[in-house]
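Biologist: Could you walk me through this model, one question at a time? I'm new to this, so please explain the terms as we go.

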Amino acid sequence: MDERLTSLLARVTGTVRELAVVDGETAYIRDPVFPIIRNRVHAEVCKAMLRAGGDPLVGPILDYVAGCQNPDGSWNEVHVNYNEPSALITAFVGDALLEAADRYPHEEALRKARDYVLASEKRTGYFLKSAQYTADHLNVDASCGAFLARYAERYDDEEARSAALRAAENVVGHQRDGVYPYAIDRGTYPYVFDLPCVHYQGVTMYYLAKMNEVLHDDRVDRSLVEGAQWLAAAQRPDGRFDWSKSGLSFAYYLSGAYAFAQASFVYASRMDDHYRKHAGLCLNRLEENVQGLALRWEPGPWAGLLPSVTTTARTASLGEYPLGHRAFRFGYGMYRQVARRRHSETVETRSFEVLCRLLGIRSSTVEPSRNYPDLFMTSEMLDCLSQSAIWGDYT
């Protein structure tokens with residue numbers, strides 16, 4: 001494993017481990033900013049710990065997670081603003097249980113998770129994220145497909161494998177010019193968010209790659225190379241992403257984009273070694289910006305605020321939307337440009353809440369006015385980077 005990656009993983013895992021609370025026979029990881037305990041954080045951290053050789057906390061954490069499973073086999077997406085069953089989160093937790101199956105078996109919980117995710121396929125290859133978010137999100141399809149593919153491989157489950165294939169076909173079939181759009185229909189959103197997004201491009205590629213570790217479908221690998229071409233074209237020579245190519249406001253400048261892209265580039269380098277360079281550039285950015293917990297958004301200097309107006313204007317112009325919505329996206333983007341340059345160990349969301357009330361906007365996102373250490377984003381990074389270490393070395 002690359003020494004830089006080893007050091008980064010050890011440093012970040014150590015910081016997260018300090019947040020663990022042992023409660024009898026179980027353990028959980030407390031969020032240092034929000035008063036919530038997230039199922040996904042536990043899943044991602046446990047996977048990273050297992051890939052690094054194991055940790056005494058994994059068993060107690062997974063026992064805690066198993067106790068959080070709903071009777072129907074699902075796990076909730078625990079968010080600051082809502083808490084509801086989700087096929088997406090169920091797939092992530094199921095994937096962690098698969099990773100741990102030889103050392104910490106939870107067979108019944110896994111089977112129920114498999115059944116719940118299978119039942120969430122509402123159209124061919126389209127898996128419903130949750131009751132609140134009903135659009136066909138390609139990253140959700142890829143995530144559910146990745147879990148089902150791994151389940152099928154372990155248990156020789158043809159029904160799960162067939163569903164994974166359908167998920168892959170749905171994702172690949174909607175790719176255009178290398179881009180996997182965020183959503184392909186409206187669902188409960190006010191508009192169809194058929195937009196390119198740097199962050200979700202990497203997310204979709206990552207889970208599609210995990211799925212294809214099992215499926216071995218040449219068409220999927222060709223699609224991933226096309227996706228890598230688009231993502232590489234959005235990366236500057238210093239490794240930073242050009243966010244003017246990214247149209248999804250709530251995913252603007254998310255720091256986790258570099259971890260998802262890094263792992264996706266490592267996988268794509270199997271087909272084209274050129275992408276190792278791009279993976280290395282992503283790792284450079286992560287080394288520079290992540291010391292303990294990752295910040296929610298990619299930080300930036302105040303000197304870059306004025307030029308960011310042009311970047312944000314270009315972002316707001318992507319897609320065919322009414323003028324009012326474009327104006328909102330521009331304002332949202334500039335709010336983020338300011339917030340990512342201001343640091344705090346706590347969050348303040350009043351400014352964004354006032355803005356939403358004035359504009360009559362209903363938002364489920366968390367938009368503090370300052371950049372903050374984000375356990376959720378950190379756990380995603382740990383999963384991606386520990387998986388990329390398995391996929392290949394870096395130069």
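Biologist: Which residues form the covered face of strand 2?

Modeller: In a regular strand the side chains alternate between the two faces of the sheet. Strand 2 covers residues 26-29, and T26 and Y28 make up its uncovered face. (Strands are DSSP runs of E with at least two residues, helices are runs of H or I with at least four, and both are numbered from the N terminus.) That leaves the covered face with A27 and I29.

Biologist: Hang on, what kind of model is this, and how are things counted?

Modeller: It's a predicted model, where local features need pLDDT of at least 70, side-chain atom pairs count only at pLDDT 80 or more, and totals for chains, interfaces and linings use all residues. Residues are numbered from 1 along each chain as its sequence is written, and side-chain values use heavy atoms, with hydrogens and water left out.

Biologist: Back to the strands: how many bridges join strand 1 to strand 2?

Modeller: Strand 1 is residues 20-23, and the two strands run antiparallel. Strands pair if DSSP finds at least two bridges between them. D23 stands opposite T26, and V21 stands opposite Y28. The number of bridges joining these strands is four.

Biologist: Which residue takes a positive phi in that hairpin?

Modeller: Look at the turn: two residues sit between strand 1 and strand 2. The one with a phi near 70° is G24.

Biologist: Is V140 buried or exposed?

Modeller: V140 is found in helix 6, residues 138-155. Leaving aside neighbours within four places in sequence, V140 is in contact (heavy atoms within 4.5 Å) with L88, F127 and K129. Buried means under 20% relative accessible area, exposed over 50%, and partly exposed in between, using a 1.4 Å probe and protein chains only. V140 has a relative accessible area of 1%, so this residue is buried.

Biologist: Why does helix 6 count as roughly antiparallel to helix 7?

Modeller: Axes are lines fitted to C-alpha atoms, for helices over the stretch in contact, and angles run from 0 to 180 degrees between N-to-C directions. Angles under 35 degrees count as roughly parallel, over 145 as roughly antiparallel, 65 to 115 as roughly perpendicular and the rest as oblique. The axes of helix 6 and helix 7 (residues 158-173) come within 8 Å and cross at roughly 150°. That angle is why the pair counts as roughly antiparallel.

Biologist: At what angle do helix 2 and helix 3 cross?

Modeller: Helix 2 is residues 39-51 and helix 3 is residues 58-67, and their axes come within 10 Å. The crossing angle is roughly 155°.

Biologist: Is H216 buried or exposed?

Modeller: H216 lies in the loop between helix 8 (198-215) and helix 9 (218-233). Phi of H216 is near 55°, a positive value in a residue other than glycine. Most residues other than glycine have a negative phi. With a relative accessible area of 60%, H216 is exposed.

Biologist: And what is the relative accessible area of Y253?

Modeller: Y253 is found in the loop between helix 9 and helix 10 (257-268). Y253 has a positive phi of about 65° although it is not a glycine. This residue is buried, with a relative accessible area of 8%.
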